[in-house]
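Open the model in your viewer and get ready to make a few selections. We will go from strand to strand, and then on to some helices.

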Amino acid sequence: MSVEAEKAVLGTFLECPYLLKETVLTETHFSDPKHRKLFAAMKRIAQQDELDIVTLSTREDVANFGGLSYLNEISAFANETKFDQYESLVLDEWKEREKRRILVVATQENWDIDKITTALTRLNEGRITDHHDINDLLQEVAEAPWVPTERKRGAPSGISELDKMLNGFNDGDSIILAARPSMGKTDFMIHFAKSVGWHGYLPIVFSLEMAADKIRDRLIGSIGGFNRMKLRNPYHDLSEEQKRMWIEVIGKASETRMQIFDGAGQSIADIRSKIRKSINRFPDRKPVVFIDYLTLIRPERYYGGNMHLQVTEISRSIKETAKEFSCPIITLAQLSRDVEKRSDKRPLMSDIRESGSIEQDADVIIFLYRDSYYNAEADPRVAEVIVAKSRNGAVGTVRVSYNRNTGVIQDLYRP
């Protein structure tokens, strides 16, 4: 298993060289000597040039790692989507080898139990470099009171009062946007995505239910203020004034640089792989990820129909992904029908389906609510954005103007 996993990792490096910059692997993690040499050669070339089989074979003596035929063989093992899984297998196998080595040395040298425990504990820290000396951290802020710095803000949501509460969407945060059907989850997601795009971020949208062209049309409608029904046949249904606006609207939509992935049943591994590809394609833009929606994500394991365990895995993985890529991930979620049983139908955190793990993992939980959905006398243009949880910010309710026909969302200023 170890050799096959190493082949898969090295083959994936050949196909996707940018992964060499992100991997935690070092030469010592490989069991096969020729794999160690090959990994070292790949790292050398990737620092100076574009890595591929041709470059590798002309710059290095390929006989040191099996020859050209062996390079072609390991290339067949490449699978970018499963890279994290392969990397973990290589690391796990290395840990097992190191455990055996430590126990052999401990027996030969008669180590006491504390020394053995310390060595094994250090071994388990080999997955990532997560050590921070407090003096190094303090040095970063030692001059802070005397050095003027710009306040760090997260990606802007496009809703002024919400940004004041949350300080924008912050790096590493898992943000849940939840509502009952027909409250406008997808429209708000698109509003957030275009806002971050226009401010220089890279909105990456995983639409697991709605096709990419429908997302496109909603984006166009929200920018131009076009009724979405008219976008089914713009030639016949748009007014002459709207047609004159069309090219400008298309241009503004293009400026968002939105990347849309609409495959059904994507797993977290698929999502991580596509985030990596997008970051590699747009290295000058920080990503903000949107997922529509949580329970449509395919779990990595089969839980026998146990939805609670499935959601627990997915929720934890989303948070880990946000932290790994140091970007906000906004995930849409549905609410249970318990909302409908109360006189006040504004959502509570317990209304989120399989809410336990989501409440625990999420840094921010936002609910959408439109009173006009339940009350015919309420203003149909008003929606409430309810921040129910904010680990590092304020909670409360922001009222906005929302047009269901166009998807236009605006700040609602009180007179």
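Start by selecting β8 and β9, which pair in the antiparallel sense over 3 bridges. Please keep in mind as you go that this is a predicted model. Highlight Y402 next: its bridge partner in β9 is I409. Between β8 and β9 lie 6 residues, and together the two strands form a hairpin. Which residue in the turn has a positive phi? Click on G407, where phi is about 80°.

Now add β7, residues 382-390, to your selection. It pairs with β8 (residues 396-402), again in the antiparallel sense, over 6 bridges. Show V385 and you will find V398 of β8 standing opposite. Here too a hairpin makes the connection, with 5 residues leading from β7 to β8.

Time to show the whole sheet. It is an open one of 9 strands with mixed pairing, and you can trace the order β3-β2-β4-β5-β1-β6-β7-β8-β9 across it. Why is one side of β3 and of β9 left without a neighbour in the sheet? Colour β3 (259-261) and β9 (409-411): these strands stand at the edges, and each has a single partner strand, so one side stays unpaired within the sheet. Rotate the view to see how neighbouring strands are turned against each other, by 25° on average if direction is ignored.

Move to the β3 edge and select β2, residues 202-207. β2 and β3 run parallel and are joined by 3 bridges. One pair to display is I204 with its bridge partner in β3, Q259. Then bring in helix α13 (residues 268-281), which packs on the sheet and touches β2, β3 and β4 (287-292). The direction of α13 makes about 150° with that of β2.

Stay with helix α13 and pick R276, which lies in it. Is R276 buried or exposed? With a relative accessible area of 3%, R276 falls under the 20% cut-off and is therefore buried. Leaving aside residues up to four places away in sequence, R276 touches Y18, L19, E22, D84, E324 and F325.

For the last stop, select helices α10 (residues 212-224) and α12 (residues 240-255). Their axes come within 9 Å and cross at roughly 115°, and the crossing is right-handed. Show the side chains where they meet: α10 contributes L219, I220, I223 and G224, while α12 contributes M245, W246, V249, I250, K252 and A253. Coloured by class, this contact has 8 nonpolar, 1 polar and 1 charged residues.

Methods. Residues numbered from 1 in each chain as written. Predicted model: local features only at pLDDT ≥ 70, side-chain atom pairs only at ≥ 80, totals over all residues. Heavy atoms only, no water. Pairing = 2+ DSSP bridges. Helix = DSSP H or I, 4+ residues; strand = E, 2+ residues; numbered from the N terminus. Axes fitted to C-alpha atoms, helices over the stretch in contact; angles between N-to-C directions. Contact = heavy atoms within 4.5 Å. Buried < 20%, exposed > 50% of the residue type's maximum accessible area, 1.4 Å probe, protein only. Left-handed = near helix turned anticlockwise from the far one by under 90°. Nonpolar A, V, L, I, M, F, W, Y, C, P; charged D, E, K, R; others polar.
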